[in-house]
Amino acid sequence: AVPQPETQPTGSAGRLSFTYIKSHLVQSFLAEVSVLWLLFLGVFLVVVSSGVLAASQWQSFSVIGQYAILLAYTVAFGGASWWTARQAKLQTTAQMLKTATLLLIPLNMWMMDTLGLVKASVGLAIVASIGLSLLTLMLTSQRSVEQRHIYLNVLGLSWLHWGWGFMLWPLIATYLGTAASAINLVWVGPDNLRDNLAEVTEAEVTEDDSKPTPQTGGILVAHCLLILLLRSVWVAQVPMAQLGLAIGICGWMLGRLRQHPLWTQLGAGLMLLGWLVSAPQQPLQAMGISGLAASLLRQQLQQQTQARNQLRTLATVWLVGLQACGLMWLALPIAFRQALLTTIERFTTEPVSGLNLAGIWLYGYVGLMIVGVKRFRQKGQAHWALLTERLALGISVLLVVCTLPQLQSLLFTLSLLGLTLALGAITYLRHLAPNWLIYGTHSSAVLTGLSGIYVLSEHLGGWPEPWWAMVFLGLASV
């Protein structure tokens, strides 16, 4: 307890005590950061210096000797972690050593497979594999069920490094690891993944001890997945386009954890990278990444409290959905796409492209947005409804622009009809529609009628001028 002056009023004593507590917490946090950085720097220097020493004499070792070096390091780190975990004042050190050990285990499996340890010494390969698995289980003993799920996930990712000599196994192993890890993340839940990797009770922590800092189990899994992806891309030479969804799943996992803005940004970057490499050649994978991104944005939207941030996130969700619908065209077989365009060209005077056709079928997505407008208005979310209306109208105008090269064809008429229906639906959903919306709906309907009559006249061989005069006279009375 901190002694207080006897003449100090009660309110001032409370403020002084609160100030002292804040100062103590800040000092403890800074000391903890210093301890972590020193531990990390020490581990890094030991590994690098030993690596340089081993590299200088690497050729003089046999396959067994080369792997024995890495195995010795892993066992040493595991033993040090096990011993320090039982020391009350070394819990932070134990936590750092345990994380380093768990990251070395998949590297061991990788090197055993790459060096061909089974051919050199099948006994050593079996003993090392089983021993590393037991080491993982030993480090995860007396943990919660959720934490054991994470460590078993890491162990499974380590075993996937075996058998990469088969042609398709690198691709299969990568997707098995990413899919299983994603399912495990959903099963355990992101909140449980934020638990400490090395928990200690209050009785085990003294005033002189640095408390263990929160480490995210999901981050550890993401690092093991990253090792798997790096081996697939740079060692096994699996095309990046085939790994787009796997990269996106890793980014989705980091984004779902929401542990730190840095991890969220890194996750977004990985998802964007996966989308970019897969969209041209693997549109189905890109659509899957878009779906994962939309789910993250939806969760973020539910957690945000500021209206500006909510509107920005909502707009992003709608735009992500729009590009996902656009990818559906690329996902269709090329022969089917060509046959469809050839059929539509019979009703046009100009060649039809996929972009021209998008000016019609993407109105289905505009209809979905209008359904969203209706739901938002029913829930009293007027700002969300207004933003969705504006986006729907803007997209509708762009779709009409996509069909401008088909100005004299049925495509342009159908696109104008979609714009008219969108304007009419939004006008109907508003209790008091502004004049510009009413006039816009009326003008769009008139243009749609004129375009349809023109296409019909051209199909019948053309109309004489008196007939057009009657058409315009009838439209003037509308």
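Start by selecting Cys325: with a relative accessibility of 17%, this cysteine counts as buried, because the cut-off for buried is under 20%. Keep in mind as you click around that the model is predicted. Now pick Cys224, which is buried too, at a relative accessible area of 1%. If you were about to hunt for sulfur bridges, skip that step: the structure has 0 disulfides.

**Zoom out**

Colour the chain by secondary structure. What do you get, in helices and strands? The count is 20 helices and 0 strands. Of the 478 residues in the chain, 41% count as buried. If you like contact maps, take the contacts between residues at least 6 apart in sequence: 68% of them join residues at least 24 apart.

**The largest core**

Next, select Tyr67, Met112, Leu132, Leu157, Val221, Trp252 and Met271. These are the residues with the most contacts inside the largest nonpolar core, which has 40 residues. Helices giving two or more residues to this core include α2 (63-84), α3 (91-115), α5 (122-139) and α6 (145-159). Further along the chain, α7 (169-188), α9 (217-235), α10 (244-257) and α12 (283-303) are also among them. Which helix supplies the largest share? That is α10, with 7 residues. As background, nonpolar side chains in soluble globular proteins tend to be buried together.

Stay on Met112 and show its surroundings. Leaving out residues up to four places away in sequence, Met112 touches Tyr67, Leu117, Ala125, Ala128, Ser129, Leu132 and Trp162.

There is a second, separate core to find as well, with 32 residues. Select Met369, Ile370, Leu399 and Leu416 to see some of its members. We'll come back to that part of the chain.

**α2 against α3**

Show α2 and α3 on their own. Their axes come within 8 Å and cross at roughly 160°. That makes the two helices roughly antiparallel, since angles over 145 degrees count that way. The crossing of α2 past α3 is left-handed.

**α7 against α10**

Now swap to α7 and α10. Are these two roughly parallel or roughly antiparallel? Their axes come within 9 Å and cross at roughly 25°, so α7 and α10 are roughly parallel to each other. This crossing is left-handed.

To see who meets whom, select Thr174, Tyr175, Thr178, Ser181, Ala182, Leu185 and Val186 in α7. On the α10 side, they meet Gly244, Leu245, Ala246, Ile249, Cys250, Trp252, Met253, Arg256 and Leu257.

Centre on Thr178, which sits in helix α7. How buried is Thr178? Its relative accessible area is 0%, so Thr178 counts as buried. Setting aside neighbours within four places in sequence, Thr178 is in contact with Leu225, Ala246, Ile249 and Cys250.

**Two loop stops**

First, go to Gly163, in the loop between α6 and α7. Put a distance label from Gly163 to Trp110: the two are 53 residues apart along the chain, and their C-alpha atoms are separated by 9.7 Å. Not counting residues up to four places away in sequence, Gly163 touches Asp113 and Trp169.

Then jump to Gln237, in the loop between α9 and α10. Check the backbone here: Gln237 is not a glycine, yet it has a positive phi of about 60°. Is Gln237 buried or exposed? With a relative accessible area of 56%, Gln237 is exposed.

**Towards the end of the chain**

Select α16 (residues 363-378) and α17 (residues 382-402). The two pack at an angle of about 165°, with axes 9 Å apart. That makes α16 roughly antiparallel to α17, and α16 passes α17 in a left-handed crossing.

For the contact itself, show Tyr363, Val366, Met369, Val373, Phe376 and Arg377 on α16. The α17 side includes Trp384, Ala385, Thr388, Glu389, Leu391, Ala392, Ile395, Ser396, Leu399 and Val400. Met369 and Leu399 may look familiar: both belong to the second core.

Finish at Leu410, in helix α18 (residues 410-429). Leu410 is partly exposed, with a relative accessible area of 36%. Draw one last distance, to Thr349: Leu410 and Thr349 are 61 residues apart in sequence and 9.8 Å apart in space, C-alpha to C-alpha. Not counting residues up to four places away in sequence, Leu410 touches Phe347 and Val455.

Methods: Residues numbered from 1 in each chain as written. Predicted model: local features only at pLDDT ≥ 70, side-chain atom pairs only at ≥ 80, totals over all residues. Heavy atoms only, no water. Disulfide = S-S within 2.5 Å. Buried < 20%, exposed > 50% of the residue type's maximum accessible area, 1.4 Å probe, protein only. Core = buried A, V, L, I, M, F, W, Y, C linked by side-chain atoms within 4.5 Å. Helix = DSSP H or I, 4+ residues; strand = E, 2+ residues; numbered from the N terminus. Contact = heavy atoms within 4.5 Å. Axes fitted to C-alpha atoms, helices over the stretch in contact; angles between N-to-C directions. Parallel < 35°, antiparallel > 145°, perpendicular 65-115°, else oblique. Left-handed = near helix turned anticlockwise from the far one by under 90°.
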